[in-house]
Amino acid sequence: MLGQRRANSDQAAERRPYRRARRPEERVRVLGGLMDLVKPEEVFHFTAAQINARRKAIVGNHNLHSLYLMRRDPEIRAFYDLCDLIEVDSVPLIAWARLVGRSSRRFHRCTYLDWRSDFWTWAEREGLRVFFVGGEPGVADRAIQRLHAEWPRARIGAHHGYFDAREGAEENQAVVDQVAAFAPDILLVGMGMPRQEAWVWRNFDALPPCVMFTVGGAFDYEAGAQTPAPRWMGPLGIEWLFRLATNPRLIGRYTLEPWRLIGPAFVDLALAARAAVSRRPAAAALRRAS
């Protein structure tokens with residue numbers, strides 16, 4: 001089985017142009033993890049191409065927590081190896097990438113809450129079938145009801161995330177069968193990190209052709225079960241302060257885990273210094289020629 005696995009709509013028209021073709025320099029390695037410097041529009045274009053070709057694909061996302069988990073959990077590393085596109089949902093991570101010479105910009109931050117309006121407008125307009133797995137029983141139903149208040153023609157199915165997700169478990173197979181029966185174009189998996197990543201990786205072969213996104217507590221926010229951070233905090237890179245204030249149990253994630261990335265950080269700095277040294281002769285030659 002493992003051998004089969006592969007490694008505000010109104011504002012949309014006013015946004016900056018985006019590239020439709022993948023480019024080599026958009027994929028970078030930062031703090032030990034590969035990720036793609038893409039805008040939300042580029043994510044949607046990639047998704048549409050996979051849907052039109054009826055290909056399975058995974059869109060993951062990286063932040064400091066996922067990079068920490070990836071160093072400790074082989075399943076999580078395998079999940080990211082399987083991803084076709086990896087969004088960056090951390091402004092501090094984008095800032096670090098910029099510091100060590102990557103072409104990252106703040107508009108490369110991609111999170112569900114930032115692109116949800118464009119996503120559901122697009123999904124409704126194109127008649128896309130979207131299935132959600134995650135949340136407590138009843139949460140997804142409330143989320144769908146609220147989403148339908150804004151996008152009444154959106155085609156959405158769901159199953160809660162409180163089931164026996166072990167590979168081979170009857171409940172797990174029942175969920176996979178329900179997803180297959182719905183035949184989604186897009187599968188949103190929101191069971192929290194790292195459970196959602198492990199579930200997608202374990203069930204990838206059994207799931208139907210669709211584009212799979214890991215979206216954390218997206219439907220908890222849609223249902224009103226959790227309060228998201230004010231959107232102005234995201235671009236400033238301080239969304240974590242809101243999360244820590246509302247859930248003190250996350251203190252380890254935000255104060256201890258980043259220190260485990262010191263090793264990869266030094267690797268990034270060393271590579272950046274080496275690149276700077278290699279550029280000096282070329283710059284000197286240009287100055288002499290001018």
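## Strands, rings and charges

In this predicted model, His62 stands opposite Val88 in strand β4. His62 closes strand β3 (residues 57-62), which runs parallel to β4 and is joined to it by four bridges. Now look along β4 (residues 85-88): Leu85 and Glu87 point one way, Ile86 and Val88 the other, and all of them are buried. That's the usual pattern, because side chains in a regular strand alternate between the two faces of the sheet.

How far can you trust the picture? The protein chain has a mean pLDDT of 86, with 87% of its residues at 70 or more. Residues 1-18 are another story: their pLDDT is below 50, though the stretch has 38 contacts in the model beyond near neighbours in sequence. Go easy there, since coordinates with low pLDDT should not be read in detail.

Next, the rings. Searching the whole structure turns up 12 aromatic pairs. One of them is Phe44 with Phe119, a tilted pair with 6.3 Å between centres and 50 degrees between planes. It ties together distant parts of the chain, as Phe44 sits in helix α1 (residues 40-53) and Phe119 in helix α5 (residues 112-126), 75 residues apart. Phe44 counts as buried because its relative accessibility is 12%, under the 20% cut-off. Phe119 is buried too, at 1%.

Tyr112 and Trp115 make an edge-to-face pair because their planes meet at 70 degrees, with centres 5.4 Å apart. They are about one helical turn apart, being three residues apart in α5. These four rings belong to one aromatic cluster that also includes Trp120, Trp122 and Phe213.

Finally, two charged ends sit over rings:

| Charged residue | Ring | Distance to ring centre |
|---|---|---|
| Lys56 | Phe204 | 5.0 Å |
| Arg195 | Phe163 | 5.6 Å |

Note on methods
Residues are numbered from 1 along each chain as its sequence is written. This is a predicted model: local features need pLDDT of at least 70, side-chain atom pairs count only at pLDDT 80 or more; totals for chains, interfaces and linings use all residues. Side-chain values use heavy atoms; hydrogens and water are left out. pLDDT is the predictor's confidence in each residue, from 0 to 100. Contact means heavy atoms within 4.5 Å. Buried means under 20% relative accessible area, exposed over 50%, partly exposed in between (1.4 Å probe, protein chains only). Helices (H or I, at least four residues) and strands (E, at least two) are DSSP runs, numbered from the N terminus. Two strands pair if DSSP finds at least two bridges between them. Rings of Phe, Tyr and Trp (its six-membered ring) pair if their centres lie within 6.5 Å; planes under 30 degrees apart count as stacked, over 60 as edge-to-face and the rest as tilted. A charge sits over a ring if NZ of Lys or CZ of Arg is within 6 Å of the ring centre and within 35 degrees of the ring normal.
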